[in-house]
Every structure is written in structure tokens, then in C-alpha cells.
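Me: I have a structure open and would like a close look at one charged side chain and the company it keeps. Walk me through it informally, and then carry on to whatever else in the model bears on charges.

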Amino acid sequence: MQKVSVFDMVILQDSWSTSVMREIFCEKNRIQKWLDVESALAKAQAQLGIIPQEAACEISKKANYKFLDIDFIFNEFKKTKHPLVPTVRALEKACDKGLGEFVHFGVTTQDIIDTGLVLQFKEGLGIIKNDLKDISKTLLKLTKDHKNTPMMGRTLSLQALPITFGHKTAIWLSELNRHFDRIEELENRLYVGLIVGAVGTKASLSDKADEIENLVNDYLGLKTADISWQPARDRFIELGYVLGNINATFNKIAHQILIMSHNELDEVSEPFGKGQVGSSTMPHKRNPAISENAVTVSNTLKANIAILSDIERHEHERDGQVWKMEWKLLPEIFLMLSVVLDNMKTALSGLEVKKDKMLKNLNLLGGFVLAERVMFALADSLGKQHAHEIVYESAMEGIEKNISFKEVLLQNKTISSVLDQKEIDRLLDPSTYVGYAPQIVDSFLEKIQNSKILK
């Protein structure tokens, strides 16, 4: 079979997904989840006396991928053009003594496929939650280690005022903590099964329909919805948006690592393995390939989020034209997010923080970034507005004439009458103007230490 997808090609698949997530969303596991639902259905119906116990035992025994004729399923699909019927026929065929006649008794295709997909999502979210926990612990360490490490804060891409690197990573950790909470809130709504029949009325499921649905979901570890959700896809849309939100955070983090890795800044460096090649023609290159890949994949993932809301647009009680979009959109979101998380786990856990370069960049503009500090030092004597005007004029003069901020401040008689050289030197030390960043970080760490994401 030709491999044409980035998720399948041996040379590309690990750049676009992880092997663990591919196992969850592979064809074998998808079919197995359908079989798990069929098995739970048979057991529930036998328990309620709807089908023979012997049939339920045989169906449950044979509801395993290894017992099915996969070639038969694929050939049947070509004939039927139906996603589930070939698997139902293969399970029926695998059962002995004609007991396969009781397979798929009273349910519809969407019951099985939707419930199976929820089971896959449950597995996938388990992986994502564990990854978020691992990354959060790494960010916690970075935050603690660098709560006092001064660096330049930047707004609108330009140098603004000093911060600490720990303050930056604490903000990232705070985001991940909220994402973890969002997943847990989502799980309460997402983990529901669907056993409602052709149009959601349970007409084919006997007068024990509600009991059947409850039992099936109990067997599968799912909850029962308040009513059919065949045409109501808000749960899946919410799932996609929560994953998209997580993706957006890591897109930002990875992109910031790329920027801070630029030679001109050189403030951080992701791990670079022995034998890793940065360029096919430039031997000196140590490209931040891990973070770059995270940005590449996360940018692509956004396309799936952009059209996700279309799956809500079911016509009437069921609508295949939008329903089937989920089979591509949501698994791909899981696949792509898995490698974004894996990339960031690697990049952050081995991140080299270059304190000396951060300090050097604090002085890059010759002291002009401390204009705010000087202004407030003058405010008591000159008034805030007057001080702002004088410092502004001095700053513009220095920048235009390529004179250091210290020099231009000393040349201004009004300023020098209030601040002597020693005080100006103190005010122009950027490492001492990080505000309350260390205290803010300490306060944040105290609040987050008992969060579920750090357990």
C-alpha cells in the first residue's frame, strides 16, 4: 500500500505525529473500538433478556480485531461503500453456530461509530494530559530557577522594560494550568455514548431501550447523554477548540524560542543532539529544528480548527455530508498536537538559558529602556508630566545623535540638578529594574503548587 500522508510516510510521520497517538487513531484501533461497542451492546441486551446469553458470549469473544478477516472487510467496503457494515458482517462471520445473527441488534451505524470515536478521544486526551503534566513540571523548574534572571521584556517586537525569564515561563505555566482545567471540564460533557437508533428515538431498541443504553455506557466507562446527540456536535466542536487553544499556546512558546535563538539575541538554545545536522550546505548551523517543527505543525493544525464548526450543520436528524468530516478533522488535530507537545517537551526540558546574553541585551540600547525609571525619579521634584517631557526630549536627542542615555542625561542641566552621576548610574542598571517580578513569581508558585497539573 502506497503511503501518501505525512502521518504515514516513514520519513515524515514522526515530524507530524507521535507513534503513541498514531496507535490510538490507526485503522486497527478504530475498528477495535467499534467492536468494543458491539460487544458491550450484546452483553447489555443479553443481560436484559433481549438476545441469548450464548450469543452475547460468542459475540464478545470474537469482537477482537485478531478474529476478523480484514481482507474481507476491505473488499466488502469496496462493494458496500459503507464504513461500518463490512465490519459488522466480518464479526457476524467470525461467530460460530449462527450466533452472529445477533450482532448489531437494533442499533444504527452512527451509534457505533460515534461511541467508538469517543473512546478514542478518551485515550487521546489521556496522553495529552500526561504531556501537559510533564511540560508543566519542566516549566515549574525553569520558573523557580530563573525567577531572578533579568532579561529584556519586549512589546510590539521592540525592547520595552526588564523582566525576569522566570516571570515569562510562569505566564506559560499559568496558561497550561487553565488548559488542563478546560480538558477536565470538557471530559464531563464529552465522555458520553450513543445508543439511540436510526433517528434518535430508540424505536428499534425495545421497551428496554434506556436500560440498554445505560448498560452499554457502563460497560464502556462512559456516561449517558440526556437525549440523542446524533445531530448535535457541540461536544466535538468544544473538544477541537480546547485542543486548538492548547495548540495556540505552544505555537506562541515555540515561536518565542525561535526568536530568542536568533544569533542577534542568542538568549536561549534548544538541545542539539550529537550527529544532528543543521544544514546540508552550511556546516556551522545549529538550527532550532525542534521548535521550528512545533511551529510548522501547529500552524497547519489551525486549518482544521477553522472549519470545525461546520460539523454542527447537520440537516434534520442526521447528515453524512458533515458528519464524516469529523473522521478526518479531529483525529488529525490529535495527531498534530501530539507532536507539538512532544517537540516542546524536548525543547523545554533541555533548554539552555544564556544569562550572560540576556544581561548583554539589557544594555543593547545604551540605557534608553530605563527612561521610565528616570522619569519617575524626577517626578517628585519636577512633576510627572514635566519629567516625562524632559526625559522624552533627552531620549530623542540621544537616539538621534547616537549619544548614550547616561551622557545625554548628564548634559541636561535640569536633570543633573536633581540627579547626580552616581544616582544616574544606579537608575540605569537594568538588572535592578525588574519591578516585583520575583515576588509575583513567588506568589504565583504558591497558588499553583497544589494544581492538578503538577500532581
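What relative accessibility does Arg-154 have, and what does it count as?

Reply: Arg-154 comes out at 29% relative accessibility, so it counts as partly exposed. Keep in mind that this is a predicted model.

The partner of Arg-154 is Glu-267, and the two form a salt bridge whose closest N and O atoms are 2.9 Å apart. Arg-154 sits in strand β1, while Glu-267 belongs to the loop between α10 and β5, so this pair ties together parts that are 113 residues apart in sequence. The two ends of the bridge have different surroundings: Glu-267 is buried, with a relative accessible area of 0%, whereas Arg-154 is partly exposed.

Now look at the residues around those two ends. Strand β1 covers 150-155, and the loop between β1 and β2 (158-164) holds Ser-157. Ser-157 has a positive phi of about 75° even though it is not a glycine. Ser-157 is also exposed, with 72% relative accessible area. On the Glu-267 side, the loop between α10 and β5 (268-269) also contains Asp-266. Asp-266 is another residue other than glycine with a positive phi, this one near 55°. Unlike Ser-157, which is exposed, Asp-266 counts as buried, at 15% relative accessibility.

Helix α10 takes part in a second long-range pair. The side chains of Glu-175 and Lys-252 meet in a salt bridge, 2.1 Å from N to O. Glu-175 is in helix α8 (residues 165-190) and Lys-252 is in helix α10, so to speak two distant parts of the chain, 77 residues apart, linked by one pair. Here the acid is buried, with a relative accessible area of 14% for Glu-175, and the base is partly exposed, with 29% for Lys-252.

For contrast, try a charged residue in helix α10 that goes without a partner. Arg-235 is in that helix, which runs over residues 234-261. Arg-235 is buried yet has no salt bridge. The nearest side chain of opposite charge is Asp-226, and it is 4.6 Å away; a salt bridge needs the side-chain nitrogen and the carboxyl oxygen within 4 Å. What Arg-235 does have is a backbone oxygen: that of Arg-189 lies 2.6 Å from a polar atom of the Arg-235 side chain. Leaving out residues up to four places away in sequence, Arg-235 touches Leu-186, Arg-189, Leu-190, Val-192, Ala-225 and Trp-229.

Then there is a pair that stays within a single helix. Lys-62 is found in helix α4, residues 53-62. Lys-62 forms a salt bridge with Glu-58, and the closest N and O atoms are 2.8 Å apart. Lys-62 and Glu-58 are four residues apart in α4, so about one helical turn separates them. Both partners are buried: Lys-62 has 8% relative accessibility, and Glu-58 has a relative accessible area of 11%. Not counting residues up to four places away in sequence, the contacts of Lys-62 are Phe-67, Leu-68, Leu-91, Ala-94, Cys-95 and Asp-96.

Some charged residues go beyond pairs. Lys-129, Glu-184, Glu-187 and Lys-452 are linked in a network of salt bridges. Across the whole structure there are 28 salt bridges.

To put those pairs in context, step back to the full chain. The protein chain has 20 helices and six strands. Of its 455 residues, 51% count as buried. A compact globule of 455 residues would have a radius of gyration near 23 Å, but this chain has 30 Å. Along its principal axes, the C-alpha trace spans about 100 × 50 × 40 Å. Looking at contacts between residues at least 6 apart in sequence, 75% join residues at least 24 apart. As for the surface, the chain exposes about 22100 Å², with carbon and sulfur atoms supplying 52% of it.

Back to where you started, then: Arg-154 is partly exposed, and its bridge runs to a buried Glu-267.

Conventions. Residues are numbered from 1 along each chain as its sequence is written. This is a predicted model: local features need pLDDT of at least 70, side-chain atom pairs count only at pLDDT 80 or more; totals for chains, interfaces and linings use all residues. Side-chain values use heavy atoms; hydrogens and water are left out. Buried means under 20% relative accessible area, exposed over 50%, partly exposed in between (1.4 Å probe, protein chains only). Lys and Arg count as positive and Asp and Glu as negative; His and the chain ends are not counted. A polar contact is a pair of N or O atoms within 3.5 Å; within protein, one must be able to donate a hydrogen and the other to accept it, and residues adjacent in sequence count only if both atoms are side-chain atoms. Contact means heavy atoms within 4.5 Å. The radius of gyration is taken over C-alpha atoms; the globule rule is 2.2 Å times the number of residues to the power 0.38. Accessible areas come from the Shrake-Rupley method with a 1.4 Å probe; for residues, only the protein chains shown count as cover.
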